[in-house]
Amino acid sequence: MPVASTRVPQQERSRVTRARLLEATLDCLVEHGWSGTTTTVVAARAGVSRGAQLHHYPTRTALVTAAVGHLTERRAAELRAEADALPAGADRLDRVVDLLAAAFTGPLFVAALELWVAARTDAELRAALLPLEARIGREMHRLTVELLGVDERRPGVREAVQATLDLLRGLGVANLLSDDSTRRAALLQSWKTQLTALLTSAETAS
């Protein structure tokens with residue numbers, strides 16, 4: 001009985017420690033980039049001892065990939081919650097695309113981009129990142145299908161969804177070096193019109 005009474009608080013402390021480390025990792029990636037995101041810096045920012053950090057995430061690669069994976073899942077849940085509040089009808093597609101566009105300009109996207117660039121010349125990071133990015137890509141595609149309320153078994157729908165994500169990713173990259181909001185808004189408006197036509201055509205053709 002005494003063992004059970006101490007186990008839950010210890011598990012909760014571990015959960016809190018991991019969460020603080022993951023949040024601190026994301027903040028460091030955004031502020032300092034890959035080169036400045038060392039395990040020592042992250043532990044200090046999280047207010048966690050070096051020993052505790054090593055216990056949960058023994059390498060920098062393990063730490064950063066866990067942070068991106070965890071925070072991607074959390075952001076997907078937030079997007080679903082935001083989309084639940086959207087009205088049905090003609091305006092829904094516009095609002096969904098806007099929500100997704102915001103996801104490709106936020107801190108999580110910046111952190112992920114830091115890792116993509118670093119992984120080009122870091123074999124260990126690349127090996128860890130490739131399966132994570134493949135999973136994130138599949139989940140983001142599935143989430144977009146869900147939010148748009150479309151059936152990707154219909155001809156052209158899968159391609160239209162993927163083109164949307166590719167466009168948003170590219171616009172997110174372009175936004176990193178300068179304020180690209182005016183151009184991005186114009187492109188998004190044009191794509192919303194085209195996407196509506198593509199999805200309507202797929203629906204009527206089936």
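Modeller: The expected span of a helix is 1.5 Å times one less than its number of residues, and helices are DSSP runs of H or I with at least four residues, numbered from the N terminus. This is a predicted model, in which local features need pLDDT (the predictor's confidence in each residue, from 0 to 100) of at least 70, side-chain atom pairs count only at pLDDT 80 or more, and totals for chains, interfaces and linings use all residues. Residues are numbered from 1 along each chain as its sequence is written, and side-chain values use heavy atoms, with hydrogens and water left out.

Biologist: How far apart are the end C-alpha atoms of helix 5?

Modeller: Helix 5 covers residues 91-103, which is 13 residues. At 1.5 Å a residue it should span 18 Å, and this agrees with the distance between its end C-alpha atoms, 19 Å.

Biologist: What is the mean pLDDT of the chain?

Modeller: Helix 1 (residues 2-36) has the lowest mean among the elements, 83, and helix 2 (residues 39-46) the highest, 94. Of the chain's residues, 95% reach 70 or more, and the chain mean is 88.

Biologist: Is W116 buried or partly exposed?

Modeller: Buried means under 20% relative accessible area, exposed over 50%, and partly exposed in between (1.4 Å probe, protein chains only). W116 has 27% relative accessibility, so this residue counts as partly exposed.

Biologist: Which residue's charged end sits over the ring of W34?

Modeller: A charge sits over a ring if NZ of Lys or CZ of Arg is within 6 Å of the ring centre and within 35 degrees of the ring normal. Here the charged end lies 3.7 Å from the centre of the W34 ring, and belongs to R60.

Methods
Helix = DSSP H or I, 4+ residues; strand = E, 2+ residues; numbered from the N terminus.
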